[in-house]
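Q: Please take me through the reading of helix burial and helix packing in a model of this kind.

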Amino acid sequence: MNPENALTHTTVLLHEAVDALNIRSDGIYVDGTFGRGGHSRLILSRLGESGRLVVFDKDPQAIAAANDLAQHDPRVRVVHNGFATLTQALDDLGIGAVHGILCDLGVSSPQIDDASRGFSFRFDAPLDMRMDTTRGLSAAQWLAQADEQDIYEVIRDYGEERFARQIARTIVAQRGESPIDTTRKLAQIAARCVRTRERGQDPATRTFQAVRIFINRELDEIQALLPQAVARLHTGGRLAVIAFHSLEDRIVKQFVKSHSTLPPVPKWAAVRDADLPQPPLRSVGKAVKPSAAETAANPRARSAVLRVAERTLAPYSPAK
């Protein structure tokens, strides 16, 4: 199957991300966000018979697609969980170090375009927003019970919404009259409260982003993944992460920078560079963004940023 046409989902930075992994035919790789398998299929096309690929996803529909792939390809192992469970999942599979880890963050096009999932304000649907519909509170359930201050902080911090206070206050007032249980109801609240809007952006955009990130613990899971990834990479193994908004990218950028930069040495210290402790990561190249041709063909790719880091010989243990 052509990896670029997997279940009509257009994979962002497909070749750039997989190329960055420097695939070896007998290697073990992780796709932390299987989605509809675009990156996974291209990785598999470059693996030999002894290579292995472990794929993670929370979404039951993505897992169904992954299981179908695994039935036809014995090199694939499927984990129905988020990538923050990397260490435990690899232990359970009897896998130690791996040669590359790829994560394509955020919500996928099939999730957005499926009205029943409640991710998009373009449809009127139940307000769910869970990537894994088998676990946890839906967005509607959380909004029905959360304190106004908590709602305000989520929309402010994860949506960077200037009108977060007004939106939170209106949510609490309105839920006293009727449940906020559909995407249209939440979008209408945002439309009333957001007095100025960015060109080409719906007033509900930042609120929906914020609630989705919170419900799925997206930023927490990125922060949990990164140290686990470094600890499980072979020397020379690559970590490639595609982020779609500044909050995600900032976490990845700062982590790579802090783990690929030597600590400052006092001017008075007579220490040769060769004697300094080496960092556990080496940043590989500059951040990669989609080409003009890719963004023209797939406008949802326009905000994507790919960052790549390589594991060094330096010892590393994640902080407890």
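A: Begin with helix α10 (residues 205–215): eight of its eleven residues are buried (under 20% relative accessible area with a 1.4 Å probe, protein chains only), so α10 is largely enclosed by the rest of the structure. The model is predicted; local features need pLDDT of at least 70, side-chain atom pairs count only at pLDDT 80 or more, and totals for chains, interfaces and linings use all residues. Residues are numbered from 1 along each chain as its sequence is written, and side-chain values use heavy atoms, with hydrogens and water left out.

Q: Which residues of α10 are buried, and what covers them?

A: They are Thr207, Phe208, Gln209, Ala210, Val211, Arg212, Ile213 and Ile215. The cover includes α6 (139–145), α7, α8, α9 (183–193) and α11. After α10 comes Arg217, with a positive phi near 55°.

Q: How many residues of α11 are buried?

A: Helix α11 (residues 218–232) is mostly covered, with eleven of its 15 residues buried. Among them are Leu219, Ile222, Leu225 and Val230.

Q: How do the axes of α7 and α8 cross?

A: Axes are lines fitted to C-alpha atoms, for helices over the stretch in contact (heavy atoms within 4.5 Å), and angles run from 0 to 180 degrees between N-to-C directions. Here α7 (residues 148–159) and α8 (residues 164–175) have axes that come within 8 Å and cross at roughly 140°. Therefore α7 is oblique to α8 (neither under 35 degrees, nor over 145, nor 65 to 115). Residues making the contact include Ile151 and Tyr152 of α7 and Ile167 and Ile171 of α8.

Methods: Helix = DSSP H or I, 4+ residues; strand = E, 2+ residues; numbered from the N terminus. Expected span 1.5 Å × (residues − 1). Buried < 20%, exposed > 50% of the residue type's maximum accessible area, 1.4 Å probe, protein only.
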